[in-house]
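Here is a short report for someone meeting this structure for the first time. Please keep the sequence and the 3D view at hand while reading.

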Amino acid sequence: MKLYIKIPTIEVFQNLHKLLPFKDSAIKTKINFSLETLGEIIDYKTNVLALEFLKEYFDKVPFSKNINGIYFGSETCENLLPKVSELQEVYEYCRANHINLALMTPPIINNMEVLEPLLDFVAQKDIELIMNDYGVLELSKEKALVNSI
């Protein structure tokens with residue numbers, strides 16, 4: 001089985017090892033957030049089930065030996081794009097542990113200039129790029145990250 005996990009933010013990446021050992025109520029206390037909408041409650045329950053599965057799965061073998069790759073970033077919100085320093089931290093971890101890394105990018109409406117340094121970093125490293133926007137595709141072509149389609 002190949003396992004890729006999605007990590008939306010640097011905070012989740014930096015604290016993943018703290019989240020795995022806890023059960024439902026302890027996770028809620030540890031993360032310290034409020035559940036105000038039905039969507040948040042469903043997301044929370046889904047995440048708790050996923051964390052319990054990962055806890056059981058990773059108890060047998062160290063975390064870095066079980067996963068083949070990390071999808072990092074937000075594919076839906078341009079305001080949640082990581083900083084280059086955050087992408088570099090995840091990249092260095094992945095490289096040291098022989099894990100594939102893919103940067104997920106959202107549709108970009110207002111912040112194309114925020115994406116450019118990330119694409120410059122991706123161009124220098126062995127990082128996959130997941131695009132959800134034709135503008136990002138065009139910028140990636142300009143930076144020679146992709147061939148013409």
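The report below takes the sheet, then two helices, then a loop residue and the cysteines.

## The sheet

This is a predicted model. It holds an open sheet of 4 strands. Their order is β1-β2-β3-β4, and the pairing is parallel. Two strands sit at the edges: β1 (4-7) and β4 (128-130). Each of these pairs on one side only. From one strand to the next, the twist averages 25 degrees. In general, strands of a sheet pair through backbone hydrogen bonds, either parallel or antiparallel.

The table lists the strand pairs with their bridges and residues that stand opposite each other.

| Strand pair | Bridges | Residues standing opposite |
|---|---|---|
| β1 and β2 | 4 bridges | Isoleucine 5 and isoleucine 70 |
| β2 and β3 | 4 bridges | Glycine 69 and asparagine 100 |
| β3 and β4 | 3 bridges | Leucine 103 and leucine 129 |

Strand β2 covers residues 69-72. Strand β3 covers residues 100-104. In the pairing of β1 with β2, lysine 6 also stands opposite tyrosine 71.

The edge strand β1 has two faces. Ile5 and Ile7 make up the covered face of β1. Tyr4 and Lys6 make up its uncovered face. Thus two residues already named take opposite faces: Ile5 is on the covered one and Lys6 on the uncovered one.

## Helix α5

Helix α5 has 13 residues, 84-96. At 1.5 Å a residue, α5 should span 18 Å. Its end C-alpha atoms are 18 Å apart, which agrees.

Which residues of α5 are buried? They are Glu86, Leu87, Val90, Tyr91 and Cys94. Seen down the axis of α5, these buried residues fall within an arc of 135 degrees, so they line one face of the helix. On the other side of α5, Arg95 and Ala96 are exposed.

The chain then leaves the helix. Just after α5, histidine 98 takes a positive phi of about 55 degrees.

## Helix α6

Helix α6 also has its length checked. It has 13 residues, 112-124, and should span 18 Å at 1.5 Å a residue. The end C-alpha atoms of α6 are 19 Å apart, which agrees.

Leu115, Leu118, Leu119, Phe121 and Val122 are buried in α6. What do the buried residues of α6 pack against? Their partners are α5, β3, β4 and α7 (134-142). The list therefore takes in both helices and strands: α5 and α7, along with β3 and β4.

## A loop residue

Isoleucine 109 lies in the loop between β3 and α6. Is isoleucine 109 buried or exposed? Its relative accessible area is 70%, and over 50% counts as exposed. So isoleucine 109 is exposed.

Aspartate 133 is 24 residues from isoleucine 109 in sequence. In space, the two residues are 9.4 Å apart, C-alpha to C-alpha.

## The cysteines

A disulfide is a covalent bond between the sulfur atoms of two cysteines. How many disulfides does a search of the whole structure find? The search finds 0.

Two cysteines can be compared by their accessibility. Cysteine 77 has a relative accessible area of 24%. Buried means under 20% and exposed means over 50%, so cysteine 77 is partly exposed. Cysteine 94 has a relative accessibility of 1%, so this residue counts as buried. Cysteine 94 is also one of the buried residues of α5.

Terms used. Residues are numbered from 1 along each chain as its sequence is written. This is a predicted model: local features need pLDDT of at least 70, side-chain atom pairs count only at pLDDT 80 or more; totals for chains, interfaces and linings use all residues. Side-chain values use heavy atoms; hydrogens and water are left out. Two strands pair if DSSP finds at least two bridges between them. Axes are lines fitted to C-alpha atoms, for helices over the stretch in contact, and angles run from 0 to 180 degrees between N-to-C directions. A disulfide is a pair of cysteine sulfur atoms within 2.5 Å. Buried means under 20% relative accessible area, exposed over 50%, partly exposed in between (1.4 Å probe, protein chains only). The expected span of a helix is 1.5 Å times one less than its number of residues. The arc is that of the directions from the helix axis to the C-beta atoms. Contact means heavy atoms within 4.5 Å.
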